[in-house]
Amino acid sequence: MSTIRTTDPVGEIRDRFGFWRRSYAMMAKEFIQLRRDRVSFAMIVAIPVMQLLLFGYAINTTPHHLPSAVLLQEDSDLARSVLKALENTAYFRFVYEVHDVDEFDNLLKSGKVLFGVEIPRGFERAVRRGDKPALLVAADATDPVAASAALGSLGMIVQTALAHDLYIGDPPALPFEIRAHARYNPAAESRLNIVPGLVGTILTMTMLIFTALSVTREIERGTMESLLSMPIKPVEVMIGKIVPYILVGFIQAFLIVNIGVFLFGVPVLGSLLLLAVLSTLFIAANLAIGYTFSTIAQNQLQAIQMSFMFFLPSILLSGFMFPFAGMPAWAQYLGECLPLTHYIRIVRAIMLKGATMPNLRFDTLALAALMLVAMTIAVTRFRRTLD
């Protein structure tokens with residue numbers, strides 16, 4: 001017995017139009033929801049604009065006018081000509097003039113300068129006698145990108161500049177020897193620069209996201225009302241939510257440092273205790289910032305979006321991916337307001353330079369100030385949430 005299949009053209013047309021009508025209704029609903037979610041809409045516009053502006057104006061892979069110091073043991077015309085010739089290369093900018101070796105070394109170790117030039121006593125007299133004295137140029141090679149171009153420009157440009165001081169025309173040979181010392185990373189190995197920076201970068205990303213979700217998760221689950229009914233202060237709530245993640249941050253930092261040491265051969269020349277204490281300060285600052293985002297966001301998606309909005313300039317302006325000294329002044333000012341900038345300097349200085357607390361005073365105070373500001377804002381915002 002055969003089955004006769006009948007078609008209903010009118011029903012098919014109605015179903016086809018119904019498909020497009022329902023799809024249109026869902027699209028309209030999503031656009032309305034997107035328009036109401038102003039934070040998400042702002043992120044759609046802000047993130048590409050921020051990336052374009054930062055990469056276009058702030059990022060420079062061939063930095064110039066790098067902060068330098070000079071140990072001037074002889075104040076002669078020839079010594080000044082050498083310094084002027086170095087500045088004319090557009091790579092060196094002398095911001096410190098010191099008179100003893102300890103201060104010279106401390107400036108390099110603290111990261112206040114990237115280069116140090118030592119002009120010895122009797123330099124001009126030795127040059128005129130033809131003794132070919134040595135001119136020392138010490139470079140902080142923890143960032144090989146910033147140091148390599150400047151060191152490569154030394155010989156030819158200085159030789160040309162001194163032609164007017166000693167000879168008519170080109171000198172037959174360089175009248176002194178240039179000894180360039182790339183300190184802390186003489187082989188210019190990228191892993192010695194990247195692995196310490198990864199400690200701060202990974203901690204920033206994870207700590208921000210963990211705490212940014214803390215308050216919004218309570219609101220979405222409906223457990224915030226239980227918290228509000230309890231006799232607990234906003235500061236106590238914040239401390240209770242932040243402290244467990246400090247332990248998580250310690251575990252992450254411990255894993256990264258150990259992998260860097262045993263797998264990639266990154267040295268730890270400084271104090272592990274000092275690194276642990278300052279890591280606590282950095283973790284607390286990021287947790288406070290993430291907690292602030294959680295009090296502003298209305299849902300977990302907004303909290304994650306805010307975290308990435310903060311993480312993007314942190315990774316670009318901190319000196320992790322690109323030389324900090326090569327950025328324009330306005331970008332450096334923004335970078336100084338980011339905890340990651342100061343922590344990357346700290347962790348590189350401790351691991352690669354063996355820096356001590358006096359060398360890290362500025363970055364430690366900056367981290368402490370940023371942590372206090374973030375915690376104050378977080379507590380204030382949480383009190384408004386309670387109201």
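Which side chains meet Arg-345 or its partner in a salt bridge at 3.0 Å, N to O? Arg-345 and Asp-363 are the pair whose side chains meet in this way. The legends below come back to them, after a look at the overall fold.

**Figure 1. The whole protein, shown as a predicted model.** Start by getting your bearings in this fold, which has 15 helices and five strands. The chain runs to 387 residues, and 46% of them count as buried. Now think about who touches whom: among contacts between residues at least 6 apart in sequence, 79% join residues at least 24 apart. The outside adds up to about 20600 Å² of accessible surface, and carbon and sulfur atoms own 63% of that.

**Figure 2. Arg-345 and its two acidic partners, Glu-336 and Asp-363.** Here's the pair from the opening question: Arg-345 and Asp-363 are joined by a salt bridge of 3.0 Å, N to O. This pair ties together distant parts of the chain, since Arg-345 belongs to helix α14 and Asp-363 to helix α15, 18 residues apart. Asp-363 is buried, with just 3% relative accessible area. Arg-345 also makes a salt bridge with Glu-336, where the closest N and O atoms are 2.8 Å apart. Are these two tucked away or out in the open? Arg-345 counts as partly exposed at 25% relative accessibility, and Glu-336 is partly exposed too, at 24%.

**Figure 3. The largest pocket, with Arg-345 among the residues nearest its centre.** Stay with Arg-345 for a moment and look at the space beside it. The largest pocket has a volume of about 960 Å³, and 38 residues line it. Nearest the centre you'll find Ser-110, Gly-111, Lys-112, Phe-324 and Arg-345. Which elements each supply at least two residues of the lining? They are β2 (92-98), α4 (101-110), α13 (329-336), α14 (339-353) and α15 (361-386). The biggest giver is α14, with seven residues.

**Figure 4. Leu-360 in the loop between α14 and α15.** This view sits between the two helices that carry Arg-345 and Asp-363. Is Leu-360 buried or exposed? At 1% relative accessibility, Leu-360 counts as buried. Setting aside neighbours within four places in sequence, Leu-360 is in contact with Leu-274, Leu-278, Ile-346, Ala-349, Ile-350 and Ala-355. Take one of these, Ile-350: it is 10 residues from Leu-360 along the chain, and the two C-alpha atoms are separated by 8.9 Å.

**Figure 5. Arg-128 and Glu-124, a salt bridge inside helix α5.** Nine salt bridges turn up in a search of the whole structure, and here is another one to look at. The closest N and O atoms of Arg-128 and Glu-124 are 3.0 Å apart. How do they line up along the helix? Arg-128 and Glu-124 are four residues apart in helix α5 (residues 123-129), so about one helical turn separates them. The two partners have contrasting surroundings: Arg-128 counts as exposed at 54% relative accessibility, whereas Glu-124 is buried, with a relative accessible area of 17%.

**Figure 6. Asn-193 in helix α8 and the residues it touches.** Find Asn-193 in the helix that spans residues 190-221. This residue is buried, with a relative accessible area of 9%. If you skip residues up to four places away in sequence, Asn-193 touches Thr-142, Asp-143, Pro-144 and Arg-348.

**Figure 7. Val-82, a buried residue of helix α3.** Helix α3 covers residues 77-88, and Val-82 is found in it. There's no surface to spot here, with a relative accessible area of 0% for Val-82. How many residues lie between Val-82 and Val-117 in sequence terms, and what is their spacing in space? They are 35 residues apart in sequence and 9.9 Å apart in space, C-alpha to C-alpha.

**Figure 8. A nonpolar patch on the surface.** To finish, come back outside. Leu-247, Phe-250, Ile-251, Phe-254, Leu-255, Ile-259, Leu-263 and Phe-264 form this patch, and together they have about 810 Å² of accessible area. Leu-247 makes a handy landmark: look for it in helix α10 (residues 234-262). Leu-247 counts as exposed because its relative accessibility is 55%, and the cut-off for exposed is over 50%.

Terms used: Residues are numbered from 1 along each chain as its sequence is written. This is a predicted model: local features need pLDDT of at least 70, side-chain atom pairs count only at pLDDT 80 or more; totals for chains, interfaces and linings use all residues. Side-chain values use heavy atoms; hydrogens and water are left out. Buried means under 20% relative accessible area, exposed over 50%, partly exposed in between (1.4 Å probe, protein chains only). Contact means heavy atoms within 4.5 Å. Accessible areas come from the Shrake-Rupley method with a 1.4 Å probe; for residues, only the protein chains shown count as cover. Patches are made of residues with over 30% relative accessible area and no salt bridge: like charges are joined within 9 Å, nonpolar side chains (Val, Leu, Ile, Met, Phe, Trp, Tyr) within 5 Å. A salt bridge is a side-chain nitrogen of Lys or Arg within 4 Å of a carboxyl oxygen of Asp or Glu. On a 1 Å grid over the protein atoms alone, a cavity is a set of points where a 1.4 Å probe fits but cannot get out, and a pocket is an open set with protein on both sides within 12 Å along at least five of seven lines; lining residues have an atom within 4 Å of a point. Grid points are joined across faces, edges and corners, and a volume is the space filled by probe spheres set on the points.
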